[in-house]
Amino acid sequence: MILEKEGPDGVGEMVYDFNLLGNDLFFAGSRGRRFGIFNLYGEKQKDIDLNEFDALFDIPVSINNSLVFDQSPVSIFGDLTLWNPDGSNESRLGVWKVEDQVLNTYDINNWFKISDFKSVITTPNYDMPAYAYWFHVDTWKSQVLVSANVRSSLVRYSNGEFEVVEIDHQKIPKKMNGKLSDRYNSREEFETDFNRLQQEINYSHPVWDVESEVFYRFAYKKKSDDKESLPNAEVFLIIMDRDFKILHEIQIPQLSKSPNFHFVKDGMIWMFENVEDEVSFIRLQVSI
């Protein structure tokens, strides 16, 4: 096997997006804003030029967390950042219908009220954007689910339409109540408020268990402990049915730090953990 520096068919270095499309195609993209759809032999079937985003908006646009929705026609979902001439930026969810060459964007602030969690750190040379929110886009069956850490509500995309799904919690808050200041004079000032918000409820994205047919979702609140090297979080597991009705809300005392990336396999929840620079996993067995 010959490893190509430019990736398969010149897709670029540092490939960070990879989605299967049915049984015989996959989507891949790189930091160089070069994307493509390939067959299983690594042969490019379609070239996707993300520089077209800039032309559509007439300003620079960056895309993160790209996701291909396996539908006909193929659509690419992405976390878009639009960079305005004054240095400010806007976060939007983009849906690019590849075959039709149509790009629709949606203001995620309408769903998750993220404007409370965006700010600016002033430096001698420039203003640096600062965030206390993140959102996640994933596929589930014939739908796309959008979630954010600052609210428990989800946004479901199905049949070309978005719908906000409210989650009826009984034991934990539905959202963060605090917010960031409009501007900070130093990174230290920002981190003080950021850590304060981490002591409120934070939500991970829901993960589907094919065998049990339920969603698992973590929520956590960091404790106000100055010893950052110690585990310092209350962790909750939320179990929901396919209609996002809560079946269980459980505090997990065995977990004392905010969970990292997780997935479901063999009836267990697997959570990534770095142990002395080795890839390891914490496994959580759930009996429903």
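Select strands E13 and E14 (residues 161-165) in this predicted model. E13 and E14 pair in the antiparallel sense, and five bridges hold the pairing. To find one of these bridges, pick Ser158; its partner in E14 is Glu161. Two residues lie between the strands of this hairpin, and Asn159 takes a positive phi near 55°.

Keep E13, residues 151-158, selected and colour it by relative accessible area. Six of its eight residues are buried, so strand E13 is largely enclosed by the rest of the structure. Buried here means under 20% relative accessible area.

Now add strand E12, residues 143-148. E12 runs antiparallel to E13, and four bridges join the two. One pair to display is Leu145 with Arg156, its bridge partner in E13. The connection from E12 to E13 is a hairpin through two residues. E13 therefore has antiparallel pairing with E12 and with E14, and it is largely enclosed, with six of eight residues buried.

Next, go to strand E7 (residues 89-97) and strand E8 (residues 102-107). These strands are antiparallel, joined by six bridges. Select Val95 and then Asn104, which is its bridge partner in E8. The hairpin of E7 and E8 has four residues between the strands. Within that hairpin, centre the view on Gln101, which takes a positive phi near 55°.

The next stop is a helix. Select H3, residues 187-198, and pick Asp193 within it. Is Asp193 buried or exposed? Its relative accessible area is 14%, so Asp193 is buried, the cut-off being under 20%. Which residues does Asp193 touch, leaving out those up to four places away in sequence? Show Leu180, Ser181 and Tyr184: these are its contacts.

Finally, select strands E20, E21 and E22 together. They form an open sheet of three strands in the order E20-E21-E22, with antiparallel pairing. Strand E20 (262-265) and strand E22 (278-285) are the edge strands, each pairing on one side only. Look along the sheet for its twist, which averages 35° from one strand to the next. To inspect one pairing in detail, hide E22 and keep E20 with strand E21, residues 268-275. Four bridges connect E20 and E21 in the antiparallel sense. Display Phe263 and Trp270 to end the tour: Trp270 is the bridge partner of Phe263 in E21.

Notes:
Residues numbered from 1 in each chain as written. Predicted model: local features only at pLDDT ≥ 70, side-chain atom pairs only at ≥ 80, totals over all residues. Heavy atoms only, no water. Pairing = 2+ DSSP bridges. Axes fitted to C-alpha atoms, helices over the stretch in contact; angles between N-to-C directions. Buried < 20%, exposed > 50% of the residue type's maximum accessible area, 1.4 Å probe, protein only. Contact = heavy atoms within 4.5 Å.
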